[in-house]
Amino acid sequence: MLKELLKVDGLTVRVEDREILRGVDLTVNAGETHVLMGPNGAGKSTLGYALMGDPRYTVGAGKIFFDGRDVTEASAAQRAKAGMFLSFQAPLEVPGLTLSGFLRTALEQRTGGRVKFGAFRKELAKAMEVLQMDPSYADRDLNVGFSGGEKKKSEILQLLMLKPSFAILDETDSGLDVDAVHVVSAGIREYQKNENAALMIITHNARILESLRVDAAHVLVQGRLVASGGAELVGEIGARGFEGFLGR
């Protein structure tokens, strides 16, 4: 029996006085990978930030349930501790905090206990190897001086180390060359091995999906989910674009 991990029920979201999402319904089960696609300005990133509890996004109506709990009013920190994760399109630079220091602290916040240094460094080295990251990046300030590709790898490194139950990847492939997309995809595939975890990939480009398992795909247009289907929907969008969905 499939375990329902995320349920979004009639969600409306606004930023200041502008309504962006207009009644979104969505269910994601444990072990599934869902893809959210749509033209620019459709509200894809808004949904990701709203699910994660970003205070800039106000829920007007509807509910968000995660792992059986109503988290609609929960803070971003509470959702993260419960097992939700959001990668950023433009990861922040944090001078004075090393990548490894950040990850170890985040892990301790996530688990509520101390993380042994030796075991942590061993697991970190293994994850960095999957992403073909220079080990020296572990002791550099978080994202400071990182290239665009290295910042995106840093986000996937956090995914592999923190092991959230539900991860939202927002335009992770944006700005990456072909080789970097393949490396990032390898990291995502590693995460997909956890059959109890689920993934939502937000993108308008099917390139990163070519080597990933996709269980469901959704099309968002003007704040509404206008189509849902299996992996074949991604292929349809790749061949025809979003034009056929705009009038729905």
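Helices (H or I, at least four residues) and strands (E, at least two) are DSSP runs, numbered from the N terminus. Residues are numbered from 1 along each chain as its sequence is written. Everything below comes from a predicted model, where local features need pLDDT of at least 70, side-chain atom pairs count only at pLDDT 80 or more, and totals for chains, interfaces and linings use all residues, while side-chain values use heavy atoms, with hydrogens and water left out.

**View 1. Thr-12, a residue of strand 1.** Start with Thr-12, which sits in strand 1 (residues 4-15). Buried or exposed? Thr-12 counts as buried, at 15% relative accessibility; buried means under 20% relative accessible area, exposed over 50%, and partly exposed in between (1.4 Å probe, protein chains only). Which residues does Thr-12 touch, not counting those up to four places away in sequence? They are Glu-19, Leu-21, Arg-22, Gly-23, Thr-58, Val-59, Gly-60 and Ala-61, a contact being heavy atoms within 4.5 Å.

**View 2. How confident the prediction is.** pLDDT is the predictor's confidence in each residue, from 0 to 100. The protein chain has a mean pLDDT of 92, with 99% of its residues at 70 or more. Among the chain's elements, strand 5 (residues 69-70) has the highest mean, 98, and helix 7 (residues 232-240) the lowest, 88. As a rule of thumb, where pLDDT is low, the predicted coordinates should not be read in detail.

**View 3. Ala-50 in helix 1.** Here's Ala-50, part of helix 1 (residues 44-52). With a relative accessible area of 4%, Ala-50 is buried. Setting aside residues up to four places away in sequence, Ala-50 touches Val-13, Ile-64 and Arg-79. Lys-153 is 103 residues away from Ala-50 along the chain, and their C-alpha atoms are separated by 24 Å.

**View 4. Helix 3 and its covering.** Helix 3 (residues 99-111) has 13 residues, and its first and last C-alpha atoms are 18 Å apart, close to the 18 Å expected at 1.5 Å a residue. That expected span is 1.5 Å times one less than the number of residues. Its buried residues are Leu-99, Ser-100, Leu-103, Ala-106, Leu-107 and Glu-108. Covering the buried residues of helix 3 are elements including strand 7, helix 4, strand 8 and helix 5. After helix 3 comes Gly-112, with a positive phi near 80°.

**View 5. Helix 6 and what it packs against.** Helix 6 (residues 178-192) has 15 residues that should span 21 Å at 1.5 Å a residue, and its end C-alpha atoms are indeed 21 Å apart. At its N-terminal end, Asp-177 acts as a cap: a side-chain oxygen lies 3.2 Å from the backbone nitrogen of Asp-179. The buried residues of helix 6 include Val-181, Val-184, Ile-188 and Tyr-191. What do the buried residues of helix 6 pack against? The list is strand 3 (33-37), helix 4 (117-130), helix 5 (148-162), strand 9 (166-170) and strand 10 (198-202).

**View 6. The nonpolar cores.** A nonpolar core is a set of buried Ala, Val, Leu, Ile, Met, Phe, Trp, Tyr and Cys residues joined through side-chain atoms within 4.5 Å. The largest one has 49 residues, and the members that touch the most others are Leu-124, Leu-157, Met-161, Leu-169, Ile-188, Leu-209 and Val-219. Apart from it lies another core of 29 residues, among them Leu-11, Val-24, Phe-66 and Ile-202. Back at Val-219, its contacts beyond four places in sequence include Met-37, Leu-233, Ile-237 and Phe-245.

**View 7. Salt bridges.** A salt bridge is a side-chain nitrogen of Lys or Arg within 4 Å of a carboxyl oxygen of Asp or Glu, and the count comes to 11. In one of them, the side chains of Glu-93 and Lys-151 meet at 3.0 Å, N to O. Glu-93 lies in the loop between strand 6 (84-87) and strand 7 (94-98) and Lys-151 in helix 5, so this pair ties together parts that are 58 residues apart in sequence. Glu-93 is partly exposed, at 42% relative accessibility, whereas Lys-151, at 17%, is buried.

**View 8. A salt bridge from helix 4.** Glu-123 and Lys-163 form a salt bridge whose closest N and O atoms are 2.2 Å apart. Because Glu-123 lies in helix 4 and Lys-163 in the loop between helix 5 and strand 9, the pair ties together parts that are 40 residues apart in sequence. Glu-123 is partly exposed, with a relative accessible area of 33%, and Lys-163 is partly exposed at 42%.

Methods. A polar contact is a pair of N or O atoms within 3.5 Å; within protein, one must be able to donate a hydrogen and the other to accept it, and residues adjacent in sequence count only if both atoms are side-chain atoms.
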